[in-house]
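Q: I have a model open and would like to talk it through before setting anything up. Could you walk me through it?

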Amino acid sequence: MADERVRLLEASRRQLLIRSARLEAQRDDQDGFKIPEELDPRSKEIADIVSQETELLRTQRQSFAERLEFLRAQKPRLEAEIAGVTAQADAERTQLQLIRSHLVDYSKLLASGLARRYTGIELQREEARNEGNIARFAAEVARLEIGIGEVAIRINETKDGYFRQVLGDLADVRLRLRDLDWQIPVARELREARAQTSGGSLVAADQADPARRIVVVRTSGGVRETVEAGPDTLLQPGDIVDVSRRPLDYALPASGQAKRLALTPIQTSPQ
């Protein structure tokens, strides 16, 4: 279990290293990333992780580019609408000038009694309609210009949101890498300690493990006896083997193959 934990932590670290490289490429708006030098690109595990992160980089960049392209495509459309409305407003202004010139001439005829008053009223109504159309076109141009400004704001918000997410993910990955850089050495020491206390560090298999006591309970001729045994003790039918662990402060061999460990409590940060 201790060995499996070390392997899992190391695998997680390798994946996070590659993910960090991918996020740095996204942050710098690059379409590729380099594999960290400490990793072997020939490893199948590394190649699979790189393939996954490369595909993720491609899809996220493509999605981001499509959103920006959609927003940017709205600006030419709005500008074309502004040009059309401006042309209509210019036509209304030209027609208004003609109506006003006609009203000046008609007012002279009306003053001399050569024209009807009703026709003059209709010309004034037409003048008022043209002025109203010009004001409406001006308001429409202002609305479209506001729309162009909103598109620019949405483009900036999309960029900020994308890079903010990338930076947030990168900070999270770096934090997890720092945690793993602390956890992996501890897990390795714990694995070594468990290997030593379980006899995994003994050199000769025929030597008795000083941290383990083996007793054989044997019945012979109706008499029950207890025999201290070792790994090479031969068993007989009916023998009962009792294996127990000695206290941790049991005398260790002088060869130094198993060493005594002083375990201290680990203080964890609030993070």
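A: What follows goes from the overall fold to the strands, the salt bridges and the surface.

Q: Okay, what kind of model is it, and which pattern does the protein follow along the sequence?
A: This is a predicted model. The protein has 3 helices and 3 strands, and read along the sequence they follow the pattern α-α-α-β-β-β.

Q: How much of the protein counts as buried?
A: Of its 271 residues, 26% count as buried. The accessible surface comes to about 18,900 Å², and carbon and sulfur atoms account for 52% of that area.

Q: And what share of the contacts is between residues 24 or more positions apart?
A: Taking the contacts with a separation of 6 or more, 68% are between residues 24 or more positions apart. One pair that is separated along the chain but not so far in space is Arg93 and Ile134, which are 41 residues apart in sequence while their C-alpha atoms are separated by 6.9 Å. Arg93 lies in helix α2, and its relative accessibility of 37% makes it partly exposed.

Q: Where does UniProt place the "coiled-coil region"?
A: The UniProt record, an unreviewed entry, places that feature at residues 61–88. In the model this stretch is 100% helix and 0% strand, with its end C-alpha atoms 42 Å apart. Helix α2 is given as residues 44–111.

Q: Switching to the strands, how do β1 and β2 run, and how many bridges join them?
A: They run antiparallel and are joined by 7 bridges, with β2 covering residues 223–229; β1 spans residues 212–220. Within this pairing, Thr219 stands opposite Arg224 in β2.

Q: What's in the turn of that hairpin?
A: The hairpin formed by β1 and β2 has 2 residues between the strands, and Gly221 in the turn has a positive phi of about 65°.

Q: What about β3, where is it, and which residue in it should I look at?
A: Strand β3 covers residues 240–245, and Val243 is placed there. The C-alpha atoms of Val243 and Arg212 are separated by 7.0 Å, although the two residues are 31 residues apart along the chain. Arg212 belongs to β1 and is partly exposed, with a relative accessible area of 29%, while Val243 is also classed as partly exposed, at 47%.

Q: Which residues make the nonpolar surface patch with Val243?
A: Leu235 and Val241 make it together with Val243, and the patch is about 260 Å².

Q: On to charges: how many salt bridges does a search find?
A: A search of the whole structure finds 24. As general background, side chains of opposite charge can pair when their charged atoms come close.

Q: Let's take Asp239, what does it pair with?
A: Asp239 forms a salt bridge with Arg218, and the closest N and O atoms are 2.9 Å apart. This pair links distant parts of the chain, with Asp239 in the loop between β2 and β3, Arg218 in strand β1, and their positions 21 residues apart.

Q: Are those two buried or exposed?
A: Both fall under the 20% cut-off for buried, because Asp239 has a relative accessible area of 17% and Arg218 has a relative accessibility of 14%.

Q: And which residues form the network of salt bridges that share partners?
A: Asp3, Glu4, Arg7 and Arg191 are joined into one network. Within it, the side chains of Glu4 and Arg7 meet at 2.5 Å, N to O. Glu4 and Arg7 are separated by about one helical turn, because they are 3 residues apart in helix α1, which covers residues 2–27. Glu4 is partly exposed at 35% relative accessibility, and Arg7 is partly exposed at 42%.

Q: What about Asp48 and Lys44, how are they placed in helix α2?
A: They are 4 residues apart in helix α2, so about one helical turn separates them. Their side chains meet in a salt bridge at 3.0 Å, N to O. Asp48 is partly exposed, with a relative accessible area of 35%, whereas Lys44 is exposed, at 61%.

Key. Residues numbered from 1 in each chain as written. Predicted model: local features only at pLDDT ≥ 70, side-chain atom pairs only at ≥ 80, totals over all residues. Heavy atoms only, no water. Patch = residues over 30% accessible without salt bridge, like charges linked within 9 Å, V, L, I, M, F, W, Y side chains within 5 Å. Areas by Shrake-Rupley, 256 points an atom, 1.4 Å probe, with all protein chains shown as cover. Salt bridge = Lys/Arg side-chain N within 4 Å of Asp/Glu carboxyl O. Buried < 20%, exposed > 50% of the residue type's maximum accessible area, 1.4 Å probe, protein only. UniProt positions renumbered as here; feature names shortened; annotations may be inferred. Contact = heavy atoms within 4.5 Å. Pairing = 2+ DSSP bridges.
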